[in-house]
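Here are my notes on this model, set out as numbered points. Please read them with the structure open.

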Amino acid sequence: MSLADFFSPIDLKKIIPKDGFYTSQLGDRIDHHSVAFPDLEQKIDIAIIGVMEDRNAINNPGCALGPDYVREKLYQLNEGGYTTKIVDLGNIKRGDKVTDTYFALKTVVEELIKKDIVPVIIGGGQDLSYAQYLGYENMEQKVDVLVVDSHFDLDDDGFGDSIETNSIAYLNKIFLHEPNYLFNFSNLGYQTYFTSQESLRVMDKLYFDVHRLGELTGNITTTEPVIRNANMVSFDMGAIRSSDAVGNANAKPNGFYGEDACQVCRYAGMNDKLTSIGFYEFNPAYDNNGQTAMLLSQMIWCFVDGFYNRKKDFPLNPKSQYLIYKTSLKHEEHELVFVKSKKSDRWWMQVPYPTGGSKNERYHLVPCRYDDYKTARSGEMPDLWWRTFQKLN
């Protein structure tokens with residue numbers, strides 16, 4: 001089966017303005033599937049995928065119609081100071097069953113990643129995050145998942161052993177999936193009044209990396225190392241405050257500001273390790289004058305801008321491009337090693353594998369902040385080091 005079989009072409013009548021696009025606009029630069037399916041054997045960096053599936057989007061029916069509204073705005077934006085190599089594959093057709101749609105998205109994500117093409121998914125409900133995650137099942141690698149959301153979607157979906165789930169339960173499916181290839185889960189922007197203490201205890205017990213909205217407000221740069229650790233990102237548009245993104249039936253008064261959401265997406269694009277990103281739960285039925293569609297298109301633009309500004313400095317190759325810092329804790333029980341890139345000034349921490357934990361490597365590199373180095377230099381154990389060490393065990 002060809003990937004083209006999963007897609008329906010774009011209806012250009014909904015997207016192209018009356019006078020057409022300027023040559024500087026993305027609408028003129030993106031190779032879109034309106035007649036012929038793009039040739040994926042060419043040099044392509046990013047593929048845009050719409051998914052028209054909202055049957056399990058809890059309290060948000062209508063979000064399946066979002067992709068074309070986002071395209072209309074995205075195509076009007078100007079290309080940055082680089083030459084983009086982006087294709088728009090169109091919309092994945094809604095399957096007879098929800099699981100058919102999941103299978104299609106899983107297959108597309110897997111094939112694109114194998115071709116070194118980054119899928120940018122525009123949903124649809126956030127339950128599609130599980131299908132996005134399933135795209136990594138045959139990669140034979142551990143996966144770090146980052147979700148931007150005001151909630152932990154850990155409810156019981158009632159579907160038992162089926163791969164079907166819903167938008168408030170898909171994390172259970174990811175956490176319990178067998179075989180288990182999840183190494184780390186991170187959340188940005190959870191709001192405590194939407195979060196049970198039991199779920200916070202689960203996150204703590206599993207040494208997962210979760211960050212409350214209040215911790216990040218006015219301090220968005222602290223998200224960069226967390227994002228830099230992710231292979232895949234799932235962004236719930238409901239994590240943005242309703243004054244900036246009203247196009248969601250579950251929109252709330254508090255959340256990220258629009259400019260912070262764009263910065264998060266730029267950090268995601270700059271992450272050398274990241275291989276897929278999904279934007280979910282945008283519902284045009286609730287949008288005001290296309291405001292949310294425009295914000296989401298700008299978030300995608302910022303992701304693309306970050307992608308084309310990647311530093312390609314994932315340690316340690318060549319070693320001459322990095323500085324090594326060593327520090328001991330108060331009681332000298334551990335020597336902690338930090339790595340700083342000369343190219344980008346970004347930091348990593350070396351966390352040793354337990355004896356026999358890895359045949360090929362002696363330590364695991366985890367992105368960190370300069371503040372973590374300062375903590376270690378003062379003689380204290382950084383919390384990130386400890387949680388990572390426990391996971392490796």
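1. Arg 387 is buried, at a relative accessible area of 13%. The model is a predicted one, and this residue deserves a look because it is charged on paper and paired in space: its side chain meets that of Asp 383 in a salt bridge, 2.7 Å from N to O. Asp 383 is partly exposed, with a relative accessible area of 49%. The two residues sit four apart in helix α12, so about one helical turn separates them. In general, an α-helix has 3.6 residues a turn, so residues three or four places apart point the same way.

2. A second pair repeats that spacing in another helix. Lys 114 and Glu 110 both belong to helix α3 (residues 98–114), four residues apart, about one turn of the helix. Their side chains form a salt bridge of 3.1 Å, N to O. Glu 110 is buried, since its relative accessible area is 7%.

3. Next, Lys 43 and Asp 45. Their side chains join in a salt bridge, again given N to O, at 3.1 Å. Is each partner buried or exposed? Lys 43 is exposed, with a relative accessible area of 53%. Asp 45 counts as buried, at 8% relative accessibility.

4. Over the whole structure, the search finds 23 salt bridges. Some link up: Glu 224, Arg 228, Asp 272, Asp 313 and Arg 346 make a network of salt bridges.

5. Now helix α11, residues 370–377. Which of its residues are buried? They are Asp 372, Tyr 373 and Ala 376. Viewed down the axis of α11, these buried residues fall within an arc of 100°, so they line one face of the helix. What do they pack against? The partners are the strands β11 (322–328), β12 (335–341), β13 (347–352) and β14 (363–368), together with helix α12 (383–392). After α11 comes Gly 379, with a positive phi near 100°.

6. Thr 327 ties into the same region. Its place is in strand β11. Thr 327 is buried, with a relative accessible area of 8%, which is under the 20% cut-off. A polar atom of its side chain lies 3.4 Å from the backbone oxygen of Ala 376. Setting aside neighbours within four places in sequence, Thr 327 contacts His 334, Glu 335, Leu 336, Phe 338, Ala 376 and Arg 377.

7. On to the nonpolar cores. The largest has 52 residues. Which members touch the most others? They are Ile 46, Phe 235, Phe 279, Leu 296, Met 299, Ile 300 and Phe 303. Helix α10 (residues 291–307) gives the most to this core, with nine residues. Apart from it lies another core, of 47 residues; Phe 152, Leu 154, Leu 171 and Phe 185 are among them. In soluble globular proteins, nonpolar side chains tend to be buried together.

8. Phe 235 gives a close-up of the largest core, being one of the members that touch the most others. Not counting residues up to four places away in sequence, Phe 235 touches Gln 126, Val 148, Ile 240, Ala 261, Val 264, Cys 265, Gly 278, Phe 279, Tyr 280 and Met 299. Phe 279 and Met 299 also appear among the core members with the most contacts to other members.

Conventions: Residues numbered from 1 in each chain as written. Predicted model: local features only at pLDDT ≥ 70, side-chain atom pairs only at ≥ 80, totals over all residues. Heavy atoms only, no water. Core = buried A, V, L, I, M, F, W, Y, C linked by side-chain atoms within 4.5 Å. Buried < 20%, exposed > 50% of the residue type's maximum accessible area, 1.4 Å probe, protein only. Contact = heavy atoms within 4.5 Å. Arc of directions from axis to C-beta. Polar contact = N/O pair within 3.5 Å; in protein donor to acceptor, adjacent residues only side chain to side chain. Salt bridge = Lys/Arg side-chain N within 4 Å of Asp/Glu carboxyl O.
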